[in-house]
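This report summarises a structure and then looks at a few backbone details.

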Amino acid sequence: MGKGALRLLLGLGISACAGSAPRPSRPATTESAVSPGASASTAADFLTPARVFPPIERSEVTGEVKDSDGGRRFIAQGLRLIQSPEGALVASDEFLPGSRVVATLALPNRLGGGYLFVLNTSGSALFWRASSWTGRLVPLARIDGEVERVVAGFDRVYAARGRGAPWLALDVESGRALELASLPPSPGYGAMAFADEWFGAVEVPLRGVLATFDAGSSWHPLDLAHAELGVDDGGIVVNAPGRRFLLTASGAEQPLAAAASEAQAETRANPSRRLPAALPFGERPLELAVLHGFPDGHGAAFVAARGQVARIRLADGAVLEHQPNAFAGKAPCEPVALGAGAGVVCGQPHGRTDIDVLGPGLALTPLVRFEEPRHVAPNGRGALVVRGSCAARGAAEAAYCVVPASGAAYSTPRRASDERAVALADGGLALLAPVAKREKAAEKTDAAAKKAKPDAADMTLGSLTLVRPGAADRTVPLKLSGVDDEAARSIVASGLWLDSFEQAPNDELIDWVAGNDGFVGVRVKLDGRVLVGAPEAHLDRALLRGRFGLVIGHSGGLRETVDGGFEWSDGELPGEPDLRPLKTSGTPSGCTPLGCAVSGWLRVGWKMGEKDRLTLATVPEATRLPGAGGNRWSLECEATGEQSKPALRKSAANDDRSTSPWDPIAEVAPPTRARSDLGIETSNEADLRLLHAYAWGPPGDGWSREARWLVRVRDPYRVSDSVWSTAPSPVAWSSAVLTADAFGRSPSGPPASFRVVTDPVRHAALLLVSIRGTVEIYLLEEGSRIVRVKTQGTTGVIASAAFAGGRFYVGALGEARALRLYRVEQGELELLGEFPEIAGHSEPPALAPAARGESFGVWLHDADYYLFPFDLSNRRFDAPIVARASDLSAMPASCTTGEDGYVVSDALALEPNVDLNTAGVATGNGIEARVIVSPSRVCIDALAAPLGAPGDERARARRKSAHKDRAPADSAGVVRAPTAEPRGDEALDATVRGVPARDTGPGAPLVLDAPDGSRKAFRCRD
């Protein structure tokens, strides 16, 4: 037999408990605490049906909720459990599908009470509802995508899915998807708390924490950018940086003490803090009862451990009563049937062994005492056999001490060194000597005899000796009886007969024989006949004890027997126990008539009763979600005939970054410089806004005095005169070498990059020069000198910019992607405010200047689109203008002359299908849209797209057919066409450059940009 299998078997308690030394002072027939009428054989019978409790260590737990009384509710291996402060456990009858994360939500009375359980698995979120923590699970909803958070709202449950997915609402009775209803319009939500049907608070991006007192009809800012929210005493606890208060339904703010985390930190710092009192029977009294308990016939078990005797309820492990200081020692005593009642065998390491009778009042009455460790084996019917004589220090003697079910203990000599001793119910002793443990017989030399197989009817396995006081020994041979299975015969003949035999009510002796990998159960009749059960594999995954056996299968399956391995039945666990030695070492394990424990799993009882398996929660049906209404635009475009001048030729590309070829940008030639001037240039053609920077001047000492530089940027929404330029400005670097480093043209200098962030409509931008890990910021305006913008501290990652009211505003991403708003004041960035990111958007907020006036807003989008106007007077955001995805499922109507609203570029992050109706010409990826957003509508102002590969003619034909019968969108309206003419809107400052006028015409203007910088104009309809 393999060493691993032997180690596991012994570690699971299949050998008899270690033991005791007797003091033959009184007979074993003693009044017992076992209930009247319950004999030892019936009281110790197995418990059924089985119930399962998974490991409850913190590493195995999810969805944990702490109760106010110190108990906890949690989920382990899919089972829902409740643990009382005293360690009692209650488990559900159903288990959830396998998942490491299960979200739980206690539903308030306004939603019907009970609990909601949400599990993410296989890309879906499954919702169940139960009237109590362990109650029956009612399938509620199944949605695509994983859910990160669930919140009980006024009259529905809100769920947050992963990044980029919209929030959803569910009816808690039917699971039907609902609208978000009373929540404030927002692209995402942070903390939420709802005190009742009318009063709640929600944290939203940019606006911070809002409160409502009329079920969401109106929302009021609390002037808090961020806060933790909770419900307590009918109000909402607001825990913000530096402030903690209770918001009442009347709107009053009642100051509260320091937050719980701070109070706990103070407690930890106090050295006089007391630790919680240890539980008298540990954190799992039920495990103690299963492994070391004797059933009382009334749903509880007697346990002697930690110096105390107790009655522990087998339903949940609750300690019903206990007697402290009942015996010496801390280790659990082993329960045994003793006479007509119950007893315990208590041993101390390297010390004495006591056999006590359990009497009324949980009292232990000494029966036999040994002054040294002894091995004590119960027979299951009230008698014991102890290795060694009955003397107090007789462990070394070759004898047995028999403690019969009635009468005085007696000693009898050992007959053979390898025999197994079993006390008999009639007061005698049975000694089994299996052939596998005796010396091998002389080998046969006859070849025919070697090949012959012994007949099952007369195979002799050893001998059985029956010993009775005052009578001669009677020895009979051990012979197989009616065993035709060759594998079973082989295991019985050559395997290891375990030394833990018990006597069944029909007087058969029951135990197990282990082979190299398999094992079988055996029944030995007192006439020597041996019956053998069917062989079982996976000895290394077996737990065996007397007539009880459990084999742990894979993926939650198991097989069990209660008759010594002659009949096996299937059962299940929600998960597979971890049987690695690292996990099982030191973990209480084994089987008894009350159940089994292994690797933290606890199975109370045997067989599944009327259920043939644990109940897996019914998977909810898929929930129909309302469509967001979004759609890819399908645009059909016609060339207008307008196109830019031909792009000027550039120098041939080379790998030498130190060379400055002095190239043009599109059709605009580079600036003029003297022959003796040193010229340095760089460009960035990563997107539609082509950038080209030039620096030139005399080499040597004259550079710092005479060198100039300018930046040219192409407007993606113009065809003619699209390239705008700053005025030549004094160079920002003191030498040509430093300038070359900044431009990325130094042969051995550090990497450098130029990036431009433009206003969406005017010819103004920020230039970001990155070199040596720092970023320098420059303000660019058409026709004006370049201005260095000073910064203080960490600015963040600049993401957008807007020119409004003659001032420049900047949006940057700070720590945790918080939005930082700046204003350029006298060449320096002035911080207007920092607004935490609480919704996890993948796209950064974009600044949107007003088409008329001095204000600006911030554009965010999730499933829908939101424009938050910024109030400069109090430096906070107003309620957003909402553009629903359904409203933008087709291209909006064209903007009119004088259109008021906020201008957003790249607003929709879309990739429409574009048919240019020109053979061999198609748009590439990276199409941008410029729209104007107002409270009344969203209109399309212009489109820009890069030139791509030739379009698919068949797809173009299908799109043309689909559009043939569609009415043109806004065909009577006027549109804004890219042109160099000044804008005719008198409300705008005429000195502002780069503002094109709107001309009448069908559709929306599209500018197609070729890689060389040339452009063509189209008009598109959806």
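The text below covers confidence, overall make-up and local backbone geometry.

This is a predicted model, in which local features need pLDDT of at least 70, side-chain atom pairs count only at pLDDT 80 or more, and totals for chains, interfaces and linings use all residues. Residues are numbered from 1 along each chain as its sequence is written, and side-chain values use heavy atoms, with hydrogens and water left out.

The pLDDT (the predictor's confidence in each residue, from 0 to 100) averages 84 over the protein, and 83% of the residues score at least 70. Residues 1-44 have a pLDDT below 50, yet this stretch has 137 contacts beyond near neighbours in sequence; a contact means heavy atoms within 4.5 Å. Residues 265-275 are also below 50, with two such contacts. Where pLDDT is low, the predicted coordinates should not be read in detail.

The protein has 10 helices and 77 strands, taken as DSSP runs numbered from the N terminus (helices H or I, at least four residues; strands E, at least two). Of its 1022 residues, 53% are buried, where buried means under 20% relative accessible area, exposed over 50%, and partly exposed in between (1.4 Å probe, protein chains only).

Most residues other than glycine have a negative phi, and most peptide bonds are trans. Two residues with positive phi are listed here.

| Residue | Phi | Loop between | Relative accessible area |
|---|---|---|---|
| Arg306 | about 55° | strand 24 (300-305) and strand 25 (308-313) | 39%, partly exposed |
| Leu362 | near 60° | strand 29 (353-358) and strand 30 (364-370) | 5%, buried |

A cis peptide bond, with omega about 0°, joins Thr48 and Pro49. Pro49 sits in the loop between helix 2 (40-43) and strand 2 (51-53).
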